[in-house]
Amino acid sequence: MRRDLRGWRVLLTGASQGIGEALAVELGRAGARLALTSRSPGKIASVAEAVNAVGGEAYPLVADLTCDEERRTALHAANDRLGGLDGIINNAGLGSWNHFADGTEEGFREMMDINFFAPAELMREGIPLLRLGRQPAILNIASRCGRCALPSWTEYSASKSALVGLTESLRAEYARFGIDVLLALPGKTATDFLKNCRLATGKAKLNFEEGMAPERVAKALLSSLIHNRRESWIGGDSYWMLMLQRFWPGLIRRKLAARVRELYQPAA
Ligand SMILES: NC(=O)c1ccc[n+]([C@@H]2O[C@H](COP(=O)([O-])OP(=O)(O)OC[C@H]3O[C@@H](n4cnc5c(N)ncnc54)[C@H](OP(=O)(O)O)[C@@H]3O)[C@@H](O)[C@H]2O)c1
């Protein structure tokens with residue numbers, strides 16, 4: 001199946017910066033009609049302008065997706081502005097780079113709220129709208145950490161693994177509505193993701209600036225939608241980590257544990 005994105009009406013979350021911003025522009029170029037969400041009015045308005053400038057059509061919506069009422073209002077506003085809805089792309093997310101022992105329950109719940117419960121409820125509330133759509137689909141942007149949990153990305157990995165599990169069960173459930181449920185697992189991408197993390201007390205040097213350009217990730221996501229790819233591993237780091245996890249899980253477990261011991265050994 002090939003999805004025709006011309007005139008495709010889609011709600012894209014977390015579009016004010018990073019991967020979401022790049023994806024908004026790519027979708028606009030492909031002729032999609034967009035409702036874009038974020039909590040930042042100025043930033044989301046300027047991304048909508050950038051989409052319009054490349055010949056797309058975008059409406060900015062301001063919403064904190066962890067607030068039930070704001071999320072619901074955004075979903076219905078998207079449906080009203082676009083005259084229906086064909087797709088939902090769950091991209092908004094938050095990281096936390098810390099050992100679990102250094103975190104708090106409140107912080108963990110905040111992460112689960114945006115990375116897991118917000119997309120979950122958008123998908124539940126979106127069913128009646130998407131059922132009426134053309135070639136309807138949901139694309140969930142998780143992370144390689146959703147399939148291969150990493151130390152110091154503990155809470156993040158847990159939230160993305162939960163999203164991966166939900167995506168897989170909904171894929172089978174939503175088949176009866178004719179809605180495709182797709183999953184993307186990007187690797188390290190050069191955005192402000194680390195800067196925006198709730199905590200950043202992990203010890204290893206991460207060098208996010210050396211990650212993939214968000215435009216490259218956006219192109220891969222666009223291709224996933226067009227070709228209706230059930231699961232997309234984006235980036236060499238994601239590919240190799242997930243291959244190792246699949247075929248040599250013991251090796252990756254031992255390597256990660258050894259690295260943690262090395263980083264956290266008490267000073268002599
Ligand atoms: N960067 C990476 O290396 C990487 C790798 C794999 C997967 N990912 C995933 O890709 C997605 C995008 O990441 P990114 O790197 O582009 O991150 P980013 O630059 O930090 O952007 C995060 C986006 O999420 C929005 N957001 C955060 N909390 C929100 C809330 N409560 N309500 C509404 N919107 C909220 C932010 O908008 P406002 O702050 O304006 O509200 C922003 O647009 C995330 O799900 C992330 O987990 C990233």
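Which helix gives the most to the shell around the ligand? In this predicted model, that element is helix H1, spanning residues 18-29, which contributes three residues to the shell. The ligand is surrounded by 29 residues, and the closest of these are Gly14, Gly18, Ser38, Arg39 and Gly93. When the residues of the shell are divided by chemical character, 15 are polar, nine are nonpolar and five are charged.

Beyond the ligand shell, the model contains an open sheet of seven strands, arranged in the order E3-E2-E1-E4-E5-E6-E7 and paired in the parallel sense. Strand E3 (57-62) and strand E7 (231-234) stand at the edges of this sheet, and because each has a single partner strand, one side of each is left without a neighbour in the sheet. From one strand to the next, the twist averages 15°.

Within the sheet, strand E4 (residues 87-90) pairs with strand E5 (residues 137-141) over four bridges, in the parallel sense, and Ile88 is found opposite Ile138 in E5. Helix H4, which covers residues 105-130, packs on the sheet and touches both E4 and E5, its direction making about 175° with that of E4.

Strand E6 (residues 180-186) deserves separate description. Seven of its seven residues are buried, and the strand is therefore largely enclosed by the rest of the structure. In a regular strand the side chains alternate between the two faces of the sheet. In E6, Asp180, Leu182, Ala184 and Pro186 point one way, whereas Val181, Leu183 and Leu185 point the other way, and all of them are buried.

The pairing of E6 with E5 is parallel and extends over five bridges, with Asp180 in E6 serving as the bridge partner of Ala137. Between these two strands the chain passes through helix H5 (residues 154-174), so that E5, the helix and E6 form a β-α-β crossover, which is right-handed. On E7, too, the pairing of E6 is parallel, here over four bridges, and Pro186 stands opposite Ile234 in E7. The β-α-β unit made by E6, helix H6 (residues 214-227) and E7 is left-handed.

Conventions: Residues are numbered from 1 along each chain as its sequence is written. This is a predicted model: local features need pLDDT of at least 70, side-chain atom pairs count only at pLDDT 80 or more; totals for chains, interfaces and linings use all residues. A residue is near a molecule or strand if its C-beta atom, placed from the backbone, lies within 6 Å of it. Ala, Val, Leu, Ile, Met, Phe, Trp, Tyr, Cys and Pro count as nonpolar, Asp, Glu, Lys and Arg as charged, and the others, Gly among them, as polar. Two strands pair if DSSP finds at least two bridges between them. Axes are lines fitted to C-alpha atoms, for helices over the stretch in contact, and angles run from 0 to 180 degrees between N-to-C directions. Two residues are in contact if their C-beta atoms, placed from the backbone, lie within 7 Å. A residue is buried if 20 or more other C-beta atoms lie within 10 Å of its own, exposed if 12 or fewer, and partly exposed in between; C-beta atoms are placed from the backbone.
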